[in-house]
Amino acid sequence: MPLSPWTDERLAALQLMSTGCFAARTLFRLKQSCADIKTIIHTPAEKLPLNDPQRVLFRETIRTNIQPILKTIESQQIQFLLPEDPGFPQALREMEDPPFGLFLRGAPLGDRIRVAIVGTRDITPYGRRVTTFLSRELTRHGISIVSGLAFGVDLAAHEACIEAGGHTIAVLPGGVNTASVMPPSHAPIAQRFVKNQTGTLLSEYPPSAPIKAFHFLLRNRLIAAIASAIIVTEGDHKSGALVTARLGLEGGRDVLAVPGDIFSPTSRGTNALIADGARPCRNAEDVLSVLGLKNTEQAKQIAEARREIPVTPDEARLLSALSFPQSVDDLSRLLQESVAKTSATISILELKGCVLAVGPRTYVRNTG
């Protein structure tokens, strides 16, 4: 469900992001030059901190009709989050180059530990075997698997996670709406994530925004930031997965690499990472050790511990009513109790990890 209501500020942010032409750094620079986001779109391009080509793009952007985008957001139940929103992932808010906004579709992100598994599109049988093995084993320990839904390693990691009954996060270079999924042949698995609430599609680009070449590299920085650790299972020296690994190292993330055949081009990158100091990854225990987890059950325990705290009858009644995202005001009317009491109950449930904030005073049950 989209955030509600659509304030002038939120609509202005969507307008600025509508064409996907501007990187987040540029949008934040524009925001800093004006009193608020809505002021930007009413400011002449000549008065904004933009170069001449950017001014042309700016004029195109503010003329874009965002009604079709709004319609897609509503019809496909896409969440639109700004950094100040409660549901915006803290890891992305704190990164050096944060996204200006996020679009999410599918299951709530939840509070599980996240590990990225990335690698070459030209996956070998060996790469597929180790990617599937690691994704499946980490999933069984309650860890969410993050990747980019590309050919090869990415798809193998997502599929193994889903088959093991876990939660996966696909970070996309274009919109999270079905028509924008890249590559198009992977739209069916993306739809399965959404329909079965087994995965989350995440992007900093709005529905149907044209996909630019630089989107793929910018996508990699989000994969690196949202995960606690990054595993490269296969990749040559020039693989985009190695870019993700480098970004992860710069962001203080743990990077692991799967050792491979010294004669295989698809293992040159992973073997080089190990030679440069990356942790060799042989099994799930290697990953859990890097994350500081003392045993193979601890990851799952951390994710589930808060939800083990018993709920009171009032809390259980609220959870039963929260079958879909609702505001505190709507819940108080439904439960026929004061807004103050509903707010207090929601606060306790949020501390217990039973509910997630998905917008200003709007919540959903945490099924992750």
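Is Q77 buried, exposed or partly exposed? In this predicted model, Q77 counts as partly exposed, because its relative accessibility is 47%, which falls between the cut-offs of 20% for buried and 50% for exposed. Q77 sits in the loop that leads from α5 (67-75) to β1, and its phi angle is near 55 degrees, a positive value in a residue other than glycine. Q336 also has a phi near 55 degrees, again positive and again not a glycine. Its loop lies between α16 (328-335) and α17 (339-351). Q336 counts as exposed, because its relative accessible area is 76%.

Just past the loop with Q77 comes strand β1, and here the aromatic residues take over. Three aromatic pairs turn up in the model. One of them brings W6 together with F80: the ring centres are 5.8 Å apart and the planes make an angle of 20 degrees, so the pair is stacked. W6 belongs to the segment before α1 (8-17), whereas F80 belongs to strand β1 (residues 79-81), so the pair ties together parts that are 74 residues apart in sequence. F80 is buried, because its relative accessibility is 0%. F80 has another ring partner in F103, with centres 4.8 Å apart and planes at 15 degrees, so this pair is stacked too. The F80–F103 contact links strand β1 to strand β2 (residues 102-106), across 23 residues of chain. Both of these phenylalanines are buried. Put together, W6, F80 and F103 make up one aromatic cluster.

Further along, strand β5 (residues 168-171) has its side chains split between two directions: T168 and A170 point one way, I169 and V171 the other, and all are buried. That fits the usual pattern, in which side chains of a regular strand alternate between the two faces of the sheet. On one side, β5 runs parallel to strand β4 (residues 144-147), joined to it by three bridges, with S147 standing opposite A170. Getting from β4 to β5 takes the chain through helix α8 (residues 153-163), in a right-handed β-α-β crossover.

Strand β5 also pairs with strand β6 (residues 199-203), in the parallel sense and over four bridges. Here T168 has G199 as its bridge partner. The route from β5 to β6 goes by way of helix α9 (residues 187-196), and this β-α-β crossover is right-handed as well. The loop between β5 and α9 holds P183, and the peptide bond from M182 to P183 is cis, with omega near 0 degrees.

How values were computed
Residues are numbered from 1 along each chain as its sequence is written. This is a predicted model: local features need pLDDT of at least 70, side-chain atom pairs count only at pLDDT 80 or more; totals for chains, interfaces and linings use all residues. Side-chain values use heavy atoms; hydrogens and water are left out. Buried means under 20% relative accessible area, exposed over 50%, partly exposed in between (1.4 Å probe, protein chains only). Two strands pair if DSSP finds at least two bridges between them. A crossover is right-handed if, with the strands pointing away from the viewer, the path from the first strand over the helix to the second runs clockwise. Rings of Phe, Tyr and Trp (its six-membered ring) pair if their centres lie within 6.5 Å; planes under 30 degrees apart count as stacked, over 60 as edge-to-face and the rest as tilted.
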